[in-house]
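Q: I'd like to learn how to read a metal site and a helix contact in a model like this one. Can we go through it together, starting with the metals?

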Amino acid sequence: MDIQLGFQPIEKIEACALIVIAFDKESSGAGLCTGTVQKADALTGGWIREAYESGEFSGKFAETALLHRPQGLKAGRLLVIGGGKAEKFNSAELRKLAGVAIRTLKPKGIKEIALALDDPFAAEDDVAAAVEGALLGDFEPDRYKTEKKDQKSVDRFTIALPADKNDAKNALLRGKIIAESQNFARDLVSEPGNRLTPSVLAARAGEMAAECGLDCEVLDPNRMRQLGMGALLGVAQGSSEPPALIILRYKPETQQEGATHLGLVGKGITFDSGGISIKPSEGMDKMKYDMAGGAAVIGAMRAIATLKPSIPVTAVIPAVENMPGSTAQRPGDIVTTLSGKTVEVLNTDAEGRLILADAITYAKRLGCTHLVETSTLTGAIVVALGHVNVGAFSNDDALLERVLAASKAEGEKLWPMPLDDEYKEALKSAFADIPNVGNRWGGAITAAIFLKEFAEETPWVHLDIAGTAWLDEPKPFLAKGPSGVPIRTFVNLVLNWKD
Ligand code: BES
Ligand code: ZN
Ligand code: ZN
């Protein structure tokens, strides 16, 4: 899909479909509150107003009404999309609507689409969001369908802007890079466990790094053994697939002394069977997405390589398959982590925190001053926050504030979770320094407390994406499957970082 900017008045736009956004009828101006909608209404002899009055269209979010051969317009169709309450509208909502536009029109075989934006919703962030929404909405995880459900494709997506917005070009490029990187990550997440093993994930990261000019290093099991990554190796030992520790490095051209060095860490379990503490078979197929955190980090690095922020960023992705082979670790095993702390593995299905413990320690050894880590870590976070919010845990309020601000700007919802010392009571081992599971209460929190023991004094944020990295049902603006969360938060955080 080719994306471009246009600066023509709407009556001159030649496209198979022109889209305008009209708001909830309760909004000021009865929904017709932007100049573009008023103009489209006037040119079509009051069609939009009539649609409101007949009750056919109310401006509710993501609602659509389609008019063929609209009089007064060069476009073949006019699609009005509901923007919801005008007072609540922002770039995050616009991103979704651009996705709705693609997912409404693509199945109809419509090839050329123009989306008209108007003040006050035509600023640079709006342009970037519209580009992202269109590309994200266009993504289908259908690589392995030999007969594609839909061979149809949109060839051209034009964002039509008021003529004085000529500086929107950079916003278009930024949106394109970010959404393509998010789709790159979604593509990795939708790969099944047999096709995307730890070695394949490392190879895919390496290819991307070579294309984008990042440094990529992959540690093999021998190196891990030399270093003493006993927790990561313990998880890996039940699988015939060797683990890989993927390291991606971005360095800005000029670097200030004493400046922040951000570490991004992502869980890369390419398949989580649970190991000897095996999971129930129902829903186990979904556990191919247990590397969504790692994929988000790799995707974020792809965007970072091109958008060139001012701080160095190092990504560490432990990639491992958790299997119950005859050499698998057993409940009760004790492993020595890279940090030197010993862990009693009471449940082999709590494997994410084990591989992350070693990855976090390693990121610190590489000189990271701040860590942001993301993982599909616990079922408990899904119980707590459902599929709406990512759970955010931190040992540092200032870093958490930065991450929350980035997520807000990008429309990726995060909710802060507690990490009081009292929760540590649940993590007592009779035979080692710490067990890898607590009791049945507050499971997302005890998992985060476990990780905190390895972050130690380094400012760290943990984002549990178990409930948000995968959509069980499609949304009007996004296909079923991987969501790509929280890539945009990462990229925004890094691009806006000021020491
Ligand atoms: N990968 C799972 C967490 C998960 C669950 C992700 C559901 C996505 C959806 C993780 O490795 C796991 O199995 N966690 C256990 C921990 C328990 C054994 C303490 C869990 O959440 O049940
Ligand atoms: Zn598990
Ligand atoms: Zn897991």
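Q: What arrangement do the 6 donor atoms around the zinc ion (ligand 3) make?
A: Start with the ideal: six octahedral donors sit at angles of 90 or 180 degrees. Keep in mind that this is a predicted model. Around the zinc ion (ligand 3), the 6 donor atoms subtend angles of 78 to 174°, so the arrangement is octahedral.

Q: Which residues are the protein donors of that zinc ion (ligand 3)?
A: They are K267 through NZ, D272 and D290 through OD, and E351 through OE, lying 2.0 to 2.4 Å from the ion. Along the chain, the spacing reads K-x4-D-x17-D-x60-E.

Q: And what arrangement do the 6 donor atoms around the zinc ion (ligand 2) make?
A: Here the ideal pattern isn't met. Their angles run from 70 to 167°, which makes the arrangement irregular. For six donors to count as octahedral, opposite ones must be over 155 degrees apart and all others between 65 and 115. The zinc ion (ligand 2) is coordinated by D272 (OD), D349 (O), D349 (OD) and E351 (OE), at 2.0 to 2.2 Å. D349 shows up with both O and OD, and the donor spacing is D-x76-D-x1-E.

Q: How far apart are the two zinc ions, ligand 3 and ligand 2, and which residue coordinates both?
A: When two metals sit side by side, look for a shared donor. The ions are 3.2 Å apart, with D272 coordinating both. The pair D272 and E351 links distant parts of the chain, 79 residues apart: D272 belongs to strand β10 (residues 268-272), while E351 is in the loop between β13 (342-344) and α10 (352-365).

Q: Are D272 and E351 buried or exposed?
A: Check relative accessibility, where buried means under 20%. D272 has 3%, so D272 counts as buried. E351 has 0%, so E351 is buried as well.

Q: Now the helices. At roughly what angle do the axes of α3 and α4 cross?
A: Read the distance and the angle together. The axes of α3 (residues 91-105) and α4 (residues 124-138) come within 7 Å and cross at roughly 40°, and the crossing is right-handed.

Q: Which residues in α3 and α4 meet?
A: From α3, they include L94, A98 and I102; from α4, A129, G133 and L136 are among them. The residues of this contact divide into 7 nonpolar, 4 polar and 6 charged.

Key. Residues numbered from 1 in each chain as written. Chains lettered and ligands numbered in written order. Predicted model: local features only at pLDDT ≥ 70, side-chain atom pairs only at ≥ 80, totals over all residues. Heavy atoms only, no water. Axes fitted to C-alpha atoms, helices over the stretch in contact; angles between N-to-C directions. Helix = DSSP H or I, 4+ residues; strand = E, 2+ residues; numbered from the N terminus. Left-handed = near helix turned anticlockwise from the far one by under 90°. Contact = heavy atoms within 4.5 Å. Nonpolar A, V, L, I, M, F, W, Y, C, P; charged D, E, K, R; others polar. Donors = N, O, S within 2.8 Å, 3.2 Å for Na, K, Ca; no water. Tetrahedral: all angles 85-135°; square planar, octahedral: opposite > 155°, others 65-115°. Buried < 20%, exposed > 50% of the residue type's maximum accessible area, 1.4 Å probe, protein only.
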